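Work through the exercises below with the sequence and the structure at hand. Each task is followed by a solution in steps.

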2 protein chains.
Amino acid sequence: MPGTKLDDIDRMILAELQADGRMTNVELAKRVGISAPPCLRRVRTLEEQGFIQGYHADVDARELGFEVQVFAMVGLVSQAEADLSAFENRCLSWPLVRECHMLNGEVDFILKCVAPDLRSFQRFLTEQLTSAENVASVKTSLVIRGAKDEPGVPFDVLEERLAMEA
Amino acid sequence: MPGTKLDDIDRMILAELQADGRMTNVELAKRVGISAPPCLRRVRTLEEQGFIQGYHADVDARELGFEVQVFAMVGLVSQAEADLSAFENRCLSWPLVRECHMLNGEVDFILKCVAPDLRSFQRFLTEQLTSAENVASVKTSLVIRGAKDEPGVPFDVLEERLAMEA
DNA sequence: CCTAAATGCGAAATAATATTGCGCGATCGT
DNA sequence: ACGATCGCGCAATATTATTTCGCATTTAGG
């Protein structure tokens, strides 16, 4: 069931909603070239099947007073599965940690964090992160400026790829 | 003008739309405790003022065939402003690069990349990224698994913060 | 090759939602 | 205290979402 293949229209829908998640269904239908009812059915199906996992407004963190963004590379003492997931759970409970990814290589995790200012972050860093159980090392890097931030799927690449197969 | 302060209702709106960007305006109005028309006006204002920068569907990259996610740390030869922005522009043109942040410290940039498979990524890495002008070093780390991915603002932290001031 | 089930579309009707146009009370500055 | 300003909510209208249903196309047998 959760492996049903998508057709061109489905991919167009995903691309459009990734670009503008609040587009009305009639506008969406117009763009992908079908009428509103089947378009809405497709969207619902894509949601149910997990191709669409949710919709979010992009809120400007800086405007809201979160001036600081930091990447933290974390090394653990033990990489036993129980210890890995223990650390992941701790990350889930830290609101300043927005992303947590397990990596291969020297570093075990990379975290993307936000904070109102450097002081707040330093306090989080020393009182929470570095002093957390099983944490061996933490290296942090301040984000000086963001040049690109487009989470999601590069649909143009996907299309090229499918064109190849045909 | 773009510094107008937000009140509690505005922040609630932002929090709700960050959590569910497709919520209807009437539902939103109900949740924040005002009627629909003023609620819609507030949303529009928040959009115009840039507090809301857009809306996006969360599309599952894996389901669409992008199995690989990689962080790349890039060091440049020259950090002159012209060279920095030249590199940023190149990142903008690479669809596999979804995020590009300039950092302090030893590394100049961190990139978040996606690719259909390792082979595709290796090719991008060798043919594009490492061979790009002014690039001195690239270290990559494969994402083994994701533990947390909640882009946006931690509104719970923001509330605590505002409660302090009062 | 033909038929029956299944699939997906679109027109039309109905239910919700978005959006506009006011009038009203609260707040603010003088 | 008073006029101006601001933001709310009611009511009316315009759009959109959602359901229902019949039709065409495809699919799997026979």
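**Exercise 1. Annotation and domains**

Which residues of chain A does the UniProt annotation "domain: HTH asnC-type" cover? Then set out how chain A is divided.

Solution. The model is a predicted one.
- Step 1: According to the unreviewed UniProt entry, the annotation covers residues 6-67 of chain A.
- Step 2: Over residues 6-67, chain A is 53% helix and 13% strand, and the end C-alpha atoms of this stretch are 41 Å apart.
- Step 3: The division of chain A gives domain 1 (1-58) and domain 2 (68-142).
- Step 4: Taken over C-alpha atoms, the centres of these two domains of chain A are separated by 35 Å.

**Exercise 2. Relation of the protein chains**

State what rotation superposes chain A on chain B, and what follows from it.

Solution.
- Step 1: Chain A is superposed on chain B by a rotation of 180° with 0.0 Å of shift along its axis, and the RMSD is 0.0 Å.
- Step 2: The two copies are therefore related as by a two-fold rotation axis.
- Step 3: Of the interface residues of chain A, 100% are also interface residues in chain B, so the copies meet through the same surface.

**Exercise 3. The surroundings of DNA strand D**

Describe the protein surface near DNA strand D and its polar contacts.

Solution.
- Step 1: Residues of chain A around DNA strand D include A:Thr24, A:Asn25 and A:Arg44; those of chain B include B:Ile34, B:Arg41 and B:Arg42.
- Step 2: By class, this surface near DNA strand D has six nonpolar, three polar and three charged residues.
- Step 3: Sugar or phosphate accounts for 69% of the atoms of DNA strand D within 4 Å of the protein, and bases for the rest.
- Step 4: Phosphate oxygens of DNA strand D lie 2.8 Å from a backbone N or O atom of A:Asn25 and 2.5 Å from a side-chain N or O atom of B:Arg42.
- Step 5: A base oxygen of DNA strand D is 3.3 Å from a side-chain N or O atom of B:Arg41.
- Step 6: H3(B) gives the largest share of the surface near DNA strand D, four residues.

**Exercise 4. The surroundings of DNA strand C**

Which element gives the most to the surface near DNA strand C? Add the polar contacts.

Solution.
- Step 1: The element is H3(A), with four residues.
- Step 2: A backbone N or O atom of A:Ser35 lies 2.8 Å from a phosphate oxygen of DNA strand C.
- Step 3: For a polar side-chain atom of A:Arg42, the distance to a phosphate oxygen of DNA strand C is 2.6 Å.
- Step 4: From chain B, a backbone N or O atom of B:Asn25 lies 2.6 Å from a phosphate oxygen of DNA strand C.

Terms used
Residues numbered from 1 in each chain as written. Chains lettered and ligands numbered in written order. Predicted model: local features only at pLDDT ≥ 70, side-chain atom pairs only at ≥ 80, totals over all residues. Heavy atoms only, no water. Domains from an automatic or database assignment. Near = heavy atom within 4 Å. Polar contact = N/O pair within 3.5 Å; in protein donor to acceptor, adjacent residues only side chain to side chain. Helix = DSSP H or I, 4+ residues; strand = E, 2+ residues; numbered from the N terminus. Nonpolar A, V, L, I, M, F, W, Y, C, P; charged D, E, K, R; others polar. UniProt positions renumbered as here; feature names shortened; annotations may be inferred. Least-squares fit on C-alpha atoms with pLDDT ≥ 70 in both. Contact = heavy atoms within 4.5 Å.
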